[in-house]
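Trainee: Got a minute? I'd like to go through this one together.
Mentor: Sure, put it up and ask away.
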Amino acid sequence: MVGDEFSDPSIMSYLGARKTTMLGNNFSEYHVDEPPRMVLDKLEKIGYKVVTMTGVGQTLVWCLHKESSDL
C-alpha cells in the first residue's frame, strides 16, 4: 500500500499504483506490485528522503519527507 484516496495522483501514477476499494471499506487505497526497495528508489529519484522506518506487527512503515523547495 503506497497511498490513500487523497494522495497525489501524479505521484501514484509515477509509482504505477492502482487505486482500489476493498469490499466493506468506505475509503480507497493505492497499491503497487513492486517490492518496497523499488518504490523507495523511485521516490528518491523525485526528491523524497526516508526519515524513519518502523514495524507494526507484520507491517513495515516508512516515513518520507521532501523539502518544500523541491515541490
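Mentor: Let's talk through the fold, the core and the charges, keeping in mind that this is a predicted model.

Trainee: OK, what's the secondary structure of the protein chain?
Mentor: There are 2 helices and 5 strands. Along the sequence they run β-α-β-β-α-β-β.

Trainee: And what box do the C-alpha atoms fill?
Mentor: Roughly 40 × 30 × 20 Å, along the principal axes.

Trainee: How many residues make up the largest nonpolar core?
Mentor: It has 9: I11, M12, L15, A17, Y30, V32, V39, L43 and Y48.

Trainee: Which elements give two or more residues to it?
Mentor: Those are α1 (9-15) and α2 (36-45). The most comes from α1, with 3 residues.

Trainee: Why would side chains like that cluster?
Mentor: As a general tendency, nonpolar side chains in soluble globular proteins are buried together.

Trainee: Back to Y48, what is it in contact with, skipping neighbours within four places in sequence?
Mentor: Y48 contacts I11, L43, L64, H65 and K66. Of those partners, I11 and L43 are listed in the core along with Y48.

Trainee: What share of the chain is buried?
Mentor: Buried residues are 21% of the 71. The accessible surface is about 5,400 Å², and carbon and sulfur atoms account for 55% of that.

Trainee: Switching to charges, how many are positive and how many negative?
Mentor: The chain carries 7 positive and 10 negative charges, and their mean positions lie 5 Å apart.

Trainee: Last one: what fraction of contacts join residues at least 24 apart?
Mentor: It's 28%, counting contacts between residues at least 6 apart in sequence.

Note on methods. Residues numbered from 1 in each chain as written. Predicted model: local features only at pLDDT ≥ 70, side-chain atom pairs only at ≥ 80, totals over all residues. Heavy atoms only, no water. Core = buried A, V, L, I, M, F, W, Y, C linked by side-chain atoms within 4.5 Å. Buried < 20%, exposed > 50% of the residue type's maximum accessible area, 1.4 Å probe, protein only. Helix = DSSP H or I, 4+ residues; strand = E, 2+ residues; numbered from the N terminus. Contact = heavy atoms within 4.5 Å. Areas by Shrake-Rupley, 256 points an atom, 1.4 Å probe, with all protein chains shown as cover. Lys, Arg positive; Asp, Glu negative; His and termini not counted. Charge placed at Lys NZ, Arg CZ, Asp CG, Glu CD.
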